[in-house]
Amino acid sequence: MEATSAMSRESSTPLVNDGVRNDGFIPQLLTSLPVLDGAASYLAQTTSLITGCFSDYSVESPSRDSGGSVVHDQEMETFSSAQTEEHLELFCNSHNSLSESSTPATSSPPIHDAETRGSSEDPSQRTHALIESSQASPNGISLFKGLIDRARRTVRGSADDIGWLQRDPSMPPVEDGTERFLEILDNIRHGLHKLPNSMVYLLIPGLFSNHGPLYFVNTKMSFSKQGLACHIAKIHSEASVEKNAKEIKEYIEEIYWGSKKRVLLLGHSKGGVDAAAALSLYWPDLKDKVAGLALAQSPYGGSPIATDILREGQLGDYVNLRKLMEILICKVIKGDLQALEDLTYERRMDFLRKHQLPRELPVVSLHTEAGITSAVLATLSHVAHAELPSLSADEPSKLPVVMPLGAAMAACAQLLQLRYGEKSDGLVTCRDAVVPGSIVVRPKRKLDHAWMVYSSLNDDTSEADASQVCEALLTLLVEVWQRKRHELAMKDE
């Protein structure tokens, strides 16, 4: 009879109070078996604690007690301290009950006995002991919180960084030069060329250009036909920005010493970033040797693609995305991962706040928007030649090597548009390609990131080609340089 009454009292004793039970979350029929009751309680408390991971921390506003003293602000979880004690205590007690009941050699004590024994202790001491226990060894809750933080960081991505240069009040304003650029481009297409041969033109290729033999080749050939001295900088495009900046400085000095002519620089993509770094870092040595800088589709403010790939603390860490990129760049391409790291927003912010372009330097920047129509998907870019052996004494025939770069750029542009609502050329957003203090060119024509340096097999002959666009940019840069020289001469008078 006593055993029966004891069992009756045990089954009728509630495992949790009404505030923790969540309005009958644990089915009443489970209370007849202590082990199932403990399991249900364990699941209930686990669910309650996990849902707390989705809420931010809140701050309790100051209030006065009956004695008039001010209660200081306290940072706490969304559930109250009393609920925290009950949640943690019941969570651990029920977990211990399940562990002990699973061992045949020992009998599990009733859960309400554990509550009775714990009730005699100071609640703050119990909570402190439980927190120390949870900090001593990692548990599922902390891992789940880490997963949520990584998911939030991954979803947020580069939304707060894109266009940061336009929001920085310390950066100089820009001037729109699109209309004048289109006039010059139209004149070039009608045979009116104005680039002077009193200067040398240096083209700076972008990332991975070492693996594209035709990078800037058509532009150089077009300039050479006009009798202009044009060079393509043979730098290791997968090297860091500062390393390439030093090499570009040496290129400029060598050209100037050999020709005694000023140098105009045109950099595409990362090549524009490298060239700008050379002028920022070594301007005292180059100011009498350089006439100006043009940047075409350069991630001057940073790249969301590079930043999202290399950002730490996101879901990509679970698949070692950064390690995969390191293997691709360092082992396969024989480059330096820092080349990609230097294009992240964090690195660009740090560099530009230390090394800005000289205010007296003429600068032109171009940004474009990639087309995302179905016709773009069929575009093939001519990136190399494959020589075929010839049976006759003639030169070996060349077979064009093509790649669907247009389709790849269109897919990336669509991704950036959907994720961030930003227009881009596929790799660089329009806002990040604007150089502070520059003459900005914003053509309406849809041009992707690869079009500027690789010809397409189905280019529209009624439109200007990449060589003519580069020539127009440099012609506009010459006009800006001449205007600045005139302004300085007027100030001297």
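A salt bridge is taken here as a side-chain nitrogen of Lys or Arg within 4 Å of a carboxyl oxygen of Asp or Glu, and by this criterion the structure, a predicted model, holds 15 salt bridges. Among them is the pair formed by glutamate 175 and arginine 483, whose closest N and O atoms are 3.6 Å apart. This pair links distant parts of the chain, since glutamate 175 belongs to strand S5 (residues 175-176) and arginine 483 to helix H19, with the two positions 308 residues apart in numbering. Glutamate 175 is partly exposed at 39% relative accessibility, and arginine 483 is likewise partly exposed at 37%.

Other salt bridges lie within a single helix. In helix H9, arginine 180 and glutamate 183 are three residues apart, about one turn of the helix, and their closest N and O atoms are separated by 3.0 Å. Arginine 180 has a relative accessibility of 29% and counts as partly exposed, as does glutamate 183 at 38%. Arg180 and Glu183 are further linked with Glu479 in a network of salt bridges. In helix H11 (residues 241-259), glutamate 247 and lysine 243 are four residues apart, again about one turn of the helix, and their side chains meet in a salt bridge with an N to O distance of 2.9 Å. Glutamate 247 is partly exposed at 22%, and lysine 243 is partly exposed at 43%.

Arg180 and Glu479 also appear in the lining of the largest cavity, together with Ile184, Asn187, Ile188, Leu192, His193, Lys194 and Thr475. A search of the whole structure finds two cavities of 30 Å³ or more, and the largest encloses about 60 Å³ of space. Helix H9 (178-189) and helix H19 (466-492) each supply at least two of the lining residues, with the largest share, four residues, coming from H9. By class, the lining comprises three nonpolar, three polar and three charged residues.

No disulfides are present in the structure. Cysteine 470 is in no disulfide, and the nearest cysteine sulfur, that of cysteine 230, lies 9.1 Å away. Cysteine 470 counts as buried because its relative accessibility is 0%, and cysteine 430 is also buried, with a relative accessible area of 11%.

Helix H12 (residues 270-281) contains 12 residues and reaches 16 Å from its first C-alpha to its last, close to the 16 Å expected at 1.5 Å a residue. H12 is mostly covered, 11 of its 12 residues being buried; these include Lys270 and Asp274 as well as Val273 and Leu279.

Methods: Residues are numbered from 1 along each chain as its sequence is written. This is a predicted model: local features need pLDDT of at least 70, side-chain atom pairs count only at pLDDT 80 or more; totals for chains, interfaces and linings use all residues. Side-chain values use heavy atoms; hydrogens and water are left out. On a 1 Å grid over the protein atoms alone, a cavity is a set of points where a 1.4 Å probe fits but cannot get out, and a pocket is an open set with protein on both sides within 12 Å along at least five of seven lines; lining residues have an atom within 4 Å of a point. Grid points are joined across faces, edges and corners, and a volume is the space filled by probe spheres set on the points. Ala, Val, Leu, Ile, Met, Phe, Trp, Tyr, Cys and Pro count as nonpolar, Asp, Glu, Lys and Arg as charged, and the others, Gly among them, as polar. The expected span of a helix is 1.5 Å times one less than its number of residues. Buried means under 20% relative accessible area, exposed over 50%, partly exposed in between (1.4 Å probe, protein chains only). A disulfide is a pair of cysteine sulfur atoms within 2.5 Å.
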